[in-house]
Amino acid sequence: MHFDISQVLGSSMADMDSNALHEYWPTYYDVDYLGLEQIEQQRLLLNADILTELSGEICATIGGILMFGKNPQRRVPQASVVFAVFDGTELTDDLLDKQEIVGTLPEQINQTGAKIRTFLPRPSTITGMQRQERPVIPDKVIREALVNAICHRDYSISNRKITVY
């Protein structure tokens, strides 16, 4: 069994963010999530492995909590990104900024990407009378690296977090 469809003991449908689910379903499946009756919402989430049944009780899955949970780190504390910037290239150099980035996986991708872009140099050139900035690393490269790190991380390892230095 894949870890992402494992049960999160003690969780329930109440741990899921209805607004995030409502934004997701019409984008890909033309489903008005909030327009469904609660039993239909539950059936939809069970079929999508966002919820699961355990001994007759409905609970969230790891993947469900990570993608749509109201407070994912409450249930999966290792699911965050530690972001740090050093004044140099060594971990022993002076620390300029450090933050733990939390939230759902999509929120972590967006927040971490924004932090990275804040600290990257933006060299510029002058063409005619215009100054043109170009990022050192294109946004799509940053996003791809973050998506790979965050989505392919082994969340069954409980004493480690993703790090971006």
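**Exercise 1. A network of charged side chains**

Which residues are linked in a network of salt bridges?

*Solution.* The model examined here is a predicted one. Within it, a network of salt bridges links Asp 15 with Arg 74 and Arg 75. A search of the whole structure finds eight salt bridges.

**Exercise 2. A salt bridge between helix 5 and strand 4**

Identify the salt-bridge partner of Lys 115, state what the pair connects, and classify both residues by accessibility.

*Solution.*

Step 1. The partner of Lys 115 is Asp 97, and their closest N and O atoms are 2.7 Å apart.

Step 2. Lys 115 belongs to helix 5, whereas Asp 97 belongs to strand 4 (residues 95-101), so this salt bridge ties together parts that are 18 residues apart in sequence.

Step 3. Buried means under 20% relative accessible area. Lys 115 has 18% relative accessibility and therefore counts as buried. Asp 97 has a relative accessible area of 19%, so Asp 97 is buried as well.

**Exercise 3. Two further salt bridges**

Describe the salt bridges of Lys 161 with Glu 100 and of Glu 133 with Arg 131, and assign each residue to an accessibility class.

*Solution.*

Step 1. In the salt bridge of Lys 161 with Glu 100, the closest N and O atoms are 2.6 Å apart. Lys 161 lies in the loop between helix 6 (139-151) and strand 7 (162-164), and Glu 100 lies in strand 4, so the pair ties together parts that are 61 residues apart in sequence.

Step 2. Exposed means over 50% relative accessible area, and partly exposed lies between the buried and exposed limits. Lys 161, at 35% relative accessibility, counts as partly exposed. Glu 100 is partly exposed at 40%.

Step 3. The side chains of Glu 133 and Arg 131 meet at 2.3 Å, N to O. Glu 133 counts as partly exposed at 39% relative accessibility, whereas Arg 131 counts as exposed at 53%.

**Exercise 4. The enclosed cavity**

Determine how many cavities of 30 Å³ or more the structure contains, and characterise the lining of the largest cavity.

*Solution.*

Step 1. The search of the whole structure finds one cavity of 30 Å³ or more. The space in the largest cavity is about 40 Å³.

Step 2. Its lining consists of Arg 117, Leu 120, Pro 121, Arg 122, Pro 135, Val 136, Ile 137, Asp 139 and Ile 142.

Step 3. Sorted by class, this lining has six nonpolar and three charged residues, with no polar residues.

**Exercise 5. The two largest pockets**

Describe the volume and lining of the largest pocket and of the second largest pocket, and state which helix gives the most to each.

*Solution.*

Step 1. The largest pocket holds about 390 Å³ of space. Of the 20 residues in its lining, Asp 4, Gly 63, Gly 64, Met 67 and Leu 105 lie nearest its centre.

Step 2. Helix 1 (18-29) and helix 3 (62-68) each supply at least two residues of this lining. Helix 3 gives the most, with six residues. By class, the lining of the largest pocket divides into 14 nonpolar, two polar and four charged residues.

Step 3. The second largest pocket has a volume of about 330 Å³. It is lined by 13 residues, and those closest to its centre are Ala 20, Tyr 24, Met 67, Phe 68 and Pro 106.

Step 4. Helix 1, helix 3 and helix 5 (105-119) each supply at least two residues of the second lining. Helix 1 provides the largest share, five residues. The lining of the second largest pocket has six nonpolar, three polar and four charged residues.

Definitions and conventions. Residues are numbered from 1 along each chain as its sequence is written. This is a predicted model: local features need pLDDT of at least 70, side-chain atom pairs count only at pLDDT 80 or more; totals for chains, interfaces and linings use all residues. Side-chain values use heavy atoms; hydrogens and water are left out. On a 1 Å grid over the protein atoms alone, a cavity is a set of points where a 1.4 Å probe fits but cannot get out, and a pocket is an open set with protein on both sides within 12 Å along at least five of seven lines; lining residues have an atom within 4 Å of a point. Grid points are joined across faces, edges and corners, and a volume is the space filled by probe spheres set on the points. Ala, Val, Leu, Ile, Met, Phe, Trp, Tyr, Cys and Pro count as nonpolar, Asp, Glu, Lys and Arg as charged, and the others, Gly among them, as polar. Helices (H or I, at least four residues) and strands (E, at least two) are DSSP runs, numbered from the N terminus. A salt bridge is a side-chain nitrogen of Lys or Arg within 4 Å of a carboxyl oxygen of Asp or Glu. Buried means under 20% relative accessible area, exposed over 50%, partly exposed in between (1.4 Å probe, protein chains only).
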